[in-house]
Amino acid sequence: MNAPAPSHKPATLHDVARAAGVSLITASRALGNPGLVSAKTIARVQQAVQATGYIPNLLAGGLKSKRSRMVAGIVPALAVAQFLPSVQALTETLAAEGYQVLLGQTGYDHGREEVVLNTMIGRQPDGIVFTGLVQEAAVRERLRRTGIPVVETWDLSDTPVDMLVGFSQDRVGLAVGDYFRARGWQRVGIATGDDQRALQRKDGFEAAFGRRVPTAVVPAPSNLERGRRALAELLAQEPGLQAVSCSSDQLAQGVMVEAQARGLRVPQDLAVCGFGNADFAAHLVPTLSTVLIDGPAIGRLAAQLVLARCRGETVAQPVVDVGFRIVERASTG
């Protein structure tokens with residue numbers, strides 16, 4: 001006859017408090033609301049957690065406090081490098097207050113917005129941080145009815161669902177177009193992803209020139225290979241192309257590779273500008289001119305807005321414009 005499996009009683013918060021030499025309420029605060037206790041106490045409690053093998057029951061805690069301690073972060077695609085600094089800053093700022101981020105992705109598909117958001121709402125998050133603007137009217141209305149704090153990011157609107165941290169896509173495109181015009185480039189082209197924000201920048205760029213310009217549209221998310229195809233398409237439309245504005249640094253990198261493969265010198269024969277200031281932009285040969293967006297500030301400010309609302313505070317500035325700037329490097333001379 002087989003012996004019964006040994007019974008192991010799971011560690012409790014009482015065990016953690018005893019091991020750390022603190023009160024039960026102090027141990028609870030160190031794990032659930034670390035902003036209320038000292039760093040030294042947090043370290044002692046965390047050591048006790050490791051020693052006892054304690055695993056917090058987040059569901060039970062959430063039922064008591066009516067807080068899930070979870071914030072939903074929704075991005076178009078996890079592979080898009082320009083959004084990662086925002087996600088990291090969002091995660092770190094929330095973690096410092098005892099909140100965790102649950103990520104979901106829409107795949108640049110407006111039709112998936114409702115599916116992803118419904119799934120997140122079903123998990124009763126304390127906040128939702130959405131990359132871009134929520135497009136579907138029915139989804140926007142449902143979000144308002146839930147009362148969950150919502151922060152839209154990486155865009156700008158006069159009518160956000162709730163709160164917003166971002167910048168104007170149209171003004172970015174207009175600024176890049178003005179930058180090209182100031183350098184005397186008239187035979188210009190646009191290599192862009194097919195997502196709404198990138199197409200808004202395209203419209204702004206064309207507004208600066210007061211006319212349509214040769215354009216190659218590729219599926220989002222963009223990458224090096226699609227950048228190469230985009231330049232081939234642009235050169236077919238305008239063989240005397242002088243400069244290209246790209247909707248991402250990844251796309252710009254592909255344009256530069258294709259240009260060099262065709263014997264075109266960057267920037268002497270073809271100037272190239274990207275968007276996003278990716279880590280690699282300053283290390284390409286030649287270095288890549290681009291549009292810098294303060295991604296970490298977007299993530300940090302979005303987290304702060306959610307936390308303020310969770311504390312029951314009135315947000316004095318629910319819409320924050322972080323702006324942008326053009327970083328001029330060798331690819332535009």
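# Helix α8, its sheet and the unusual backbone angles

Me: Which residue just after α8 takes a positive phi?

Reply: Gly184 does, at about 80°. This is a predicted model, in which local features need pLDDT of at least 70 and side-chain atom pairs pLDDT 80 or more, while totals for chains, interfaces and linings use all residues. Residues are numbered from 1 along each chain as its sequence is written, and side-chain values use heavy atoms, with hydrogens and water left out.

Me: What makes α8 a helix by the definition used?

Reply: A helix is a DSSP run of H or I with at least four residues, and a strand a run of E with at least two, numbered from the N terminus. Helix α8 has 14 residues, and the chain as a whole comes to 12 helices and 12 strands.

Me: How does the reach of α8 compare with the expected span?

Reply: The expected span is 1.5 Å times one less than the number of residues. From its first C-alpha to its last, α8 reaches 20 Å, close to the expected 20 Å.

Me: Why are certain residues of α8 said to line one face?

Reply: Buried means under 20% relative accessible area, exposed over 50% and partly exposed in between, with a 1.4 Å probe and protein chains only. In α8 the buried residues are Gln169, Val172, Gly173, Val176, Gly177, Tyr179 and Phe180. Seen down the helix axis, they fall within an arc of 155° (taken from the directions to the C-beta atoms), so they line one face of α8. They pack against β6, α9, β8, β9, β10 and β12, contact meaning heavy atoms within 4.5 Å.

Me: What makes the approach of Ser168 to Asp170 a polar contact?

Reply: A polar contact is a pair of N or O atoms within 3.5 Å; within protein, one must be able to donate a hydrogen and the other to accept it, and residues adjacent in sequence count only if both atoms are side-chain atoms. At the start of α8, a side-chain oxygen of Ser168 comes to within 3.4 Å of the backbone nitrogen of Asp170.

Me: How do you know that β6 and β7 pair?

Reply: Pairing requires that DSSP find at least two bridges between two strands. Four bridges join β6 to β7, and these strands run parallel; Gly193 has Val218 in β7 as its bridge partner.

Me: Why is the sheet called open, and which strands form its edges?

Reply: The order is β7-β6-β8-β9, with parallel pairing. Strands β7 (215-218) and β9 (271-273) each pair on one side only and are therefore the edges, pairing being judged by those bridges. Helix α8 lies across β6, β8 and β9, at about 165° to β8, angles running from 0 to 180 degrees between N-to-C directions of axes fitted to C-alpha atoms, for helices over the stretch in contact. Helix α9 (residues 196-209) touches β6, β7 and β8, and makes about 165° with β6.

Me: What makes Gln124 count as exposed?

Reply: Its relative accessible area is 61%, which is over the 50% required. Gln124 lies in the loop between α6 and β3, and has a positive phi near 50° although it is not a glycine.

Me: Which peptide bonds are cis?

Reply: Most peptide bonds are trans. The bond joining Val266 and Pro267 is cis, with omega about 10°, and so is that from Val285 to Pro286, with omega near -5°. Pro267 is in the loop between α11 and β9, and Pro286 in the loop between β9 and β10.
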